[in-house]
Amino acid sequence: MRRLEAHIRNIPDFPKPGIQFKDITPLVKEPAMLRLAVNQLIYPFLGTDITAVAGMEARGFIFGSLAAWELGVSFVPLRKPGKLPYDVQSLSYDLEYGTASLEIHDDALKQGDRVLLVDDLIATGGTAAASCALIEKLDAEVAACAFVIELDFLKGRDKLEKYNIHSLIHY
Ligand code: AMP
């Protein structure tokens, strides 16, 4: 989507040398672009049986909670370790830059839930794959994964072969 892409700022060598960081703050600053991005993220899933949107800390919260609002379903936060106060399931994974863990509250989802996973960007796919595994640990089903940006050259899709992937901007 050219209109959205015009509002993504590229920051070379952030947070480490060699990383081309895709900054979504110019996009979310523009009300029309924020609305366009959220509408485009959810349009394939309107009228489907999705029961919840899960979003990853931190930028996944921005798009994920708006997507949940628009779809009229629950929002489930996937958070960095030690942030969620109740009983959690936890998973470690590799990042494009470093390693990380994500946690989900034990009672966030249940069998029968169909979840749309939302994040700002898929790079190597490690974060999304770990998120899908956390959702499945709670016996819920990943209905699809939606991203504003996909870095095609990092082949994150290969880690998510069994899922339906929807991305708006490709690099
Ligand atoms: P990955 O697990 O490699 O797919 O990385 C995806 C996560 O890291 C997402 O939550 C992104 O917000 C963040 N991320 C990774 N690479 C970039 C990048 N080049 N620009 C902006 N965010 C990134």
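Lys80 is partly exposed, because its relative accessibility is 42%. This residue belongs to a predicted model, and it sits in the loop that links β4 (74–78) to β5 (88–95). Leu102 is 22 residues away from Lys80 in sequence, yet their C-alpha atoms are 4.9 Å apart in space. Let's look at Lys80 and its neighbours, and then move on to the rest of the chain.

**Two residues and their contacts**

- Leaving aside residues up to four places away in sequence, Lys80 touches Glu57, Ser101, Leu102 and Glu103.
- Leu102 also turns up among the contacts of Thr127, a residue of helix α5 (residues 126–137).
- Besides Leu102, Thr127 touches Met56, Tyr93, Leu95 and Asp119, again not counting residues up to four places away in sequence.
- Thr127 counts as buried because its relative accessible area is 18%, which is under the 20% cut-off.

**The whole fold**

- The protein has 5 helices and 9 strands.
- Reading from the N terminus, you meet these elements in the order α-β-β-α-α-β-α-β-β-β-β-α-β-β.
- A compact globule of 171 residues would have a radius of gyration near 16 Å, and the 15 Å of this protein agrees with that.
- Along the principal axes, the C-alpha atoms fill a box of roughly 40 × 35 × 30 Å.
- Of the contacts between residues at least 6 apart in sequence, 59% join residues that are at least 24 apart.

**Surface and charge**

- Buried residues account for 46% of the 171 residues.
- The accessible surface is about 8,600 Å², and carbon and sulfur atoms hold 50% of it.
- There are 18 positive and 23 negative side chains, and the centres of these two sets are 6 Å apart.

**The cysteines**

- Why do Cys132 and Cys145 not form a bond? The closest cysteine sulfur to that of Cys132 is in Cys145, and at 3.8 Å it is too far for a bond, because a disulfide needs the two sulfur atoms within 2.5 Å.
- Seen from the other side, Cys145 is in no disulfide, and the sulfur of Cys132 is the nearest cysteine sulfur to its own.
- The count for the model is 0 disulfides.
- Are these two cysteines buried or exposed? Cys132 has 0% relative accessibility and so counts as buried, and Cys145 is buried too, with a relative accessible area of 0%.

**Backbone details to look for**

- Here is some background for this group: most peptide bonds are trans, and most residues other than glycine have a negative phi.
- Phe14 and Pro15 are joined by a cis peptide bond with an omega of about -5°; Pro15 lies in the loop between β1 (9–12) and β2 (20–23).
- Another cis peptide bond joins Glu57 and Ala58, where omega is about 0°; Ala58 lies in the loop between β3 (52–56) and α4 (59–71).
- You have already met Glu57, as it is one of the residues that Lys80 touches.
- Asp13 is not a glycine, but its phi is positive, near 60°.
- Asp13 lies in the loop between β1 and β2, and its relative accessible area of 48% makes it partly exposed.
- Asp139 also has a positive phi, about 70°, without being a glycine.
- The loop between α5 and β8 (141–150) holds Asp139, which is exposed because its relative accessible area is 52%, over the 50% cut-off.

Key: Residues are numbered from 1 along each chain as its sequence is written. This is a predicted model: local features need pLDDT of at least 70, side-chain atom pairs count only at pLDDT 80 or more; totals for chains, interfaces and linings use all residues. Side-chain values use heavy atoms; hydrogens and water are left out. Buried means under 20% relative accessible area, exposed over 50%, partly exposed in between (1.4 Å probe, protein chains only). Helices (H or I, at least four residues) and strands (E, at least two) are DSSP runs, numbered from the N terminus. The radius of gyration is taken over C-alpha atoms; the globule rule is 2.2 Å times the number of residues to the power 0.38. Contact means heavy atoms within 4.5 Å. Accessible areas come from the Shrake-Rupley method with a 1.4 Å probe; for residues, only the protein chains shown count as cover. Lys and Arg count as positive and Asp and Glu as negative; His and the chain ends are not counted. The place of a charge is taken as NZ of Lys, CZ of Arg, CG of Asp or CD of Glu.
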